[in-house]
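User: Could you take a close look at the salt bridges in this one and walk me through how they sit in the fold? Please give the cut-offs as you go.

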Amino acid sequence: MNVDLESLAEATSGAIGSLLSTTILYPLDTCKTKYQAEARSHGNRKYRSLSDVLWEAISTRQVLSLYQGLGTKNLQSFISQFVYFYGYSYFKRMYLEKSGYKSIGTRANLVIAAAAGACTAILTQPLDTASSRMQTSAFGKSKGLLKTLTEGNWSDAFDGLSISLLLTSNPAIQYTVFDQLKHKVLKNKQDKAGKGVSPASLSAFMAFLLGAISKSIATCLTYPAIRCKVIIQAADSDDATSKTRIKSQKTVPAVLYGIWKREGILGFFKGLHAQILKTVLSSALLLMIKEKISASTWVLILAVRRYLLLPRGSIKNM
């Protein structure tokens with residue numbers, strides 16, 4: 001079986017970058033998710049700002065609970081980014097080979113990114129749902145991965161799948177914008193260096209900046225769907241009456257109607273600033289780390305491939 005080593009290198013560096021950025025920013029992610037999941041009832045709300053969630057953890061001496069679900073989130077993040085980057089890189093190479101074009105247009109890039117995102121969403125949806133439930137559980141009361149996944153029907157593990165598929169447009173927009181900006185920056189570098197000279201890779205700061213810009217644009221365009229998904233996947237209340245009410249609302253039309261009725265049109269954008277802060281930092285860190293380790297990953301994969309292809313006699317004599 002032939003393995004696309006370039007796509008494998010892209011996937012590995014992307015997955016490692018995602019793992020590191022997720023771990024670094026996880027407390028912020030937990031605060032953001034709990035804040036987004038809260039639906040205002042009769043004009044009252046528990047969290048008036050992102051800092052209220054952090055203060056609750058501090059005042060109840062549950063600061064470590066800001067990391068509840070970290071293992072599941074890292075597993076989901078690593079797998080999803082590996083699948084996404086491998087699919088995205090592989091589909092791009094296939095498109096260029098089949099079409100004969102030297103570069104990919106914006107439309108084709110969006111389609112390829114969306115296809116890679118759809119494959120990723122379907123494969124990792126149960127882990128995504130479990131991590132959201134862990135984060136939105138009361139501090140100190142989060143359950144383990146297996147227990148979280150086995151609660152209710154198996155179909156409950158796929159809560160929010162339809163919105164996840166819709167949200168494949170988010171990374172599609174993000175990476176399309178990033179690739180276009182990266183191409184322009186590297187082209188300018190090559191023009192300054194002269195023809196025939198290979199352009200240098202993006203600097204850490206430039207990769208961070210382009211990642212932040214591309215993710216901000218994607219997040220603003222898709223945020224209403226993001227908040228609906230968080231509410232659908234949120235952990236149920238321990239109160240029996242509230243639990244029955246919440247269960248009946250966990251459909252896309254019911255969530256949309258509930259937000260509109262209780263919070264108005266601005267409710268669809270509640271927590272947008274927190275989402276941008278977290279996702280922009282996470283995406284920028286991911287792309288920065290990926291850019292800096294991609295060359296090393298490629299060298300390592302080539303070294304492993306060469307080692308595996310060496311005759312056994314040659315290995316013994318080394």
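Analyst: Here's a walk through the salt bridges, followed by some of their surroundings. Quick ground rules: this is a predicted model, so local features need pLDDT of at least 70 and side-chain atom pairs count only at pLDDT 80 or more, while totals for chains, interfaces and linings use all residues. Residues are numbered from 1 along each chain as its sequence is written, and side-chain values use heavy atoms, with hydrogens and water left out.

The backdrop is a chain with 13 helices and 0 strands; helices here are DSSP runs of H or I with at least four residues, strands are runs of E with at least two, and both are numbered from the N terminus. Of the 318 residues, 45% are buried, where buried means under 20% relative accessible area, exposed means over 50%, and partly exposed is in between (1.4 Å probe, protein chains only).

Now the bridges. Side chains of opposite charge can pair when their charged atoms come close. The cut-off for a salt bridge is a side-chain nitrogen of Lys or Arg within 4 Å of a carboxyl oxygen of Asp or Glu, and the whole structure has 7 of them.

Start with Asp-29, which pairs with Lys-32 at 3.6 Å between the closest N and O atoms. Both residues lie in helix 2 (residues 26–37), 3 residues apart, or about one turn of the helix. Lys-32 counts as buried because its relative accessibility is 5%, and Asp-29 counts as buried because its value is 3%. Asp-29 also meets Lys-73 in a salt bridge, 3.9 Å from N to O. That pair links distant parts of the chain, with Asp-29 in helix 2, Lys-73 in helix 4 and their positions 44 residues apart. Lys-73 is buried, as is Asp-29.

Elsewhere, Arg-133 forms a salt bridge with Asp-159, with the closest N and O atoms 3.2 Å apart. This one also links distant parts of the chain: Arg-133 is in helix 5, Asp-159 is in the loop between helix 6 and helix 7, and they are 26 residues apart. Arg-133 has 10% relative accessibility, so it counts as buried; Asp-159 has 14%, so it counts as buried too. Shared partners join Asp-29, Lys-32, Lys-73 and Lys-278 into one network of salt bridges. Back at Asp-159, its C-alpha atom is 9.6 Å from that of Ala-234, which is 75 residues away along the chain.

What about the helices that carry Lys-73 and Arg-133? Helix 4 and helix 5 (residues 106–136) pack at an angle of about 170 degrees, with their axes 8 Å apart. Axes are lines fitted to C-alpha atoms, for helices over the stretch in contact, and angles run from 0 to 180 degrees between N-to-C directions. The two helices are therefore roughly antiparallel, on a scale where under 35 degrees is roughly parallel, over 145 roughly antiparallel, 65 to 115 roughly perpendicular and the rest oblique.

Finally, a contrast in exposure: Arg-61 sits in the loop between helix 3 (50–59) and helix 4 (70–99). Arg-61 is exposed because its relative accessible area is 78%. Its phi is near 55 degrees, a positive value in a residue other than glycine. Most residues other than glycine have a negative phi.
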